[in-house]
Amino acid sequence: MPIKTYELKKMENADEERQGAENVDLFSPYKVGKLQLSHRVVMAAMTRCRALHNIPNQAMVEYYSQRATKGGLLISEGVFTSPMAAGYPYCAGIYTEEHIETWKKVTDAVHGKGAFFFAQLWHCGRASHTAYQPGGKAPRSSTNKPISGRWKVLLPDGSFSEYSRPQALSSSEIEELIEEHRQAAINSIRAGFDGVELHAAYGYLIDQFLKDGINDRTDEYGGSLDNRCRFLMQIVNAVAGAIGMERVAVKISPTLYHQDARDSDPLALGLAVVERLNKLQEEAGVKMAHLQIQAGTLGGGISESEAEIVRKIRDAYQGNFMISGGFNRELGMKAISEGDADLIAYARFFISNPDLVHRLKINAPLAQYDEATFYTQDPVVGYTDYPFLDAGSD
């Protein structure tokens, strides 16, 4: 799907730091906590289904190191926080000692290129199937409502099926999940990651609490915006307490309708999340690593109405701000230079262009990706076999 053009306008109430953005672009340095980035091009988290037996392997070492640049930031594919978090085949976890030790090989390779690496912590919630759940139990969620038949789940045998009916989490189970994320963050740091990004987007577990189109609870986790934000904020607090606020990032998608994840007022939801994150950062006396907003459709672009919501969220957020959603070089340069974002996350073009940063910098043509190989298990084809533009591209 072609990228839709749009223009993110400069906020009227931009602070001094953002007003100084006219002289910066995608390739200007930027500091995130203690990490000194050499450019603003971030590799977004992308599910690739190459972790056979759900364990990181040598193909993943090569894949991530190919895309690492000195001073660059990469975000890993979604990493399951527990066996119950699963909802896709051949994806790695971060809940066993074997996971920690095998991820170390990947993080070492990325750091060997001088890059920084965050783990995206992922729990699919109801976006799963009994085939993935221990003992064939129902997936856990904020609700008992299943995802509609409009959407299909990819099963381990490569076939597609309807999502299983979930079971709503009890209050005690919610407390266990908060602890699960805290431990997964600790494990991630032990595995050599520089930080973690909490996946609170795309209709996965945390988003299932945030969106009123899904969350139908009547307890302290449902109903009001404050209640629907509670689960995410408790996780952020727990994770920050374990590894430090500056190592914690959050990804949300207020406007994205994926897996029935719709909210009646995406702007109010986005601002509610931002207000609470601002408060947590103020209390901690340090900024989070970043807040990432996924806008538009997956693989598509950002409409003007969605862009307006992103502007208002950006204006309200008091921290490092990242946008993802169908950016090319021109739109990325514009968003950074006009102060609409501090960092731009690129996804699919990072698949087909291991040297994407180099190509964007010299304005070279980008290789097209092959969607048919996005989620196969081949360790080479569609994974590590995309060519570099030239030998000096790293």
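1. A definition to start with: two strands pair if DSSP finds at least two bridges between them. With that in hand, have a look at the sheet of this predicted model. Its 8 strands form a closed barrel with parallel pairing, in the order E3-E4-E5-E10-E11-E12-E13-E14. Averaged over neighbouring strands and ignoring direction, the turn of one against the next is 25°.

2. One pairing to check by eye is that of strand E5 (residues 116-122) with strand E10 (residues 195-200): the two run parallel and are joined by 4 bridges. Gln120, for instance, has Glu197 in E10 as its bridge partner.

3. Now for the helices on the sheet. H4 packs there and touches both E5 and E10, with its direction at about 155° to that of E5. Helix H2 (residues 58-66) lies across strand E3 (41-43), strand E4 (73-80) and E5, and runs at about 150° to E4.

4. H4 also has a helix partner. Helix H4 (residues 171-190) packs with helix H6 (residues 225-243) at an angle of about 35°, and their axes are 9 Å apart. The crossing in which H4 passes H6 is right-handed. From H4, the contact draws on Ile174, Leu177, Ile178, His181, Arg182, Ala185, Ile186 and Ile189. H6 brings Phe231, Gln234, Ile235, Ala238, Val239, Ala242 and Ile243. Sorted by class, the contact of H4 with H6 has 12 nonpolar residues, 2 polar and 1 charged.

5. If you are setting up cysteines for a calculation, here is a point for you: how many disulfides does a search of the whole structure find? The count is 0. Take Cys91: the cysteine sulfur closest to its own is in Cys49, at 4.3 Å, and this is too far for a bond because a disulfide needs the sulfur atoms within 2.5 Å. Cys91 is also buried, with a relative accessible area of 1%. Cys229 is buried as well, and its relative accessible area is 0%.

6. Last, a loop residue. Asp355 is found between helix H10 (348-352) and helix H11 (356-362), in the loop that links them. Is Asp355 buried or exposed? Its relative accessible area is 2%, and because buried means under 20%, Asp355 counts as buried. You may also like to display Thr69 alongside Asp355: the two are 286 residues apart along the chain, and 8.4 Å separates their C-alpha atoms.

Terms used. Residues numbered from 1 in each chain as written. Predicted model: local features only at pLDDT ≥ 70, side-chain atom pairs only at ≥ 80, totals over all residues. Heavy atoms only, no water. Axes fitted to C-alpha atoms, helices over the stretch in contact; angles between N-to-C directions. Left-handed = near helix turned anticlockwise from the far one by under 90°. Contact = heavy atoms within 4.5 Å. Nonpolar A, V, L, I, M, F, W, Y, C, P; charged D, E, K, R; others polar. Buried < 20%, exposed > 50% of the residue type's maximum accessible area, 1.4 Å probe, protein only.
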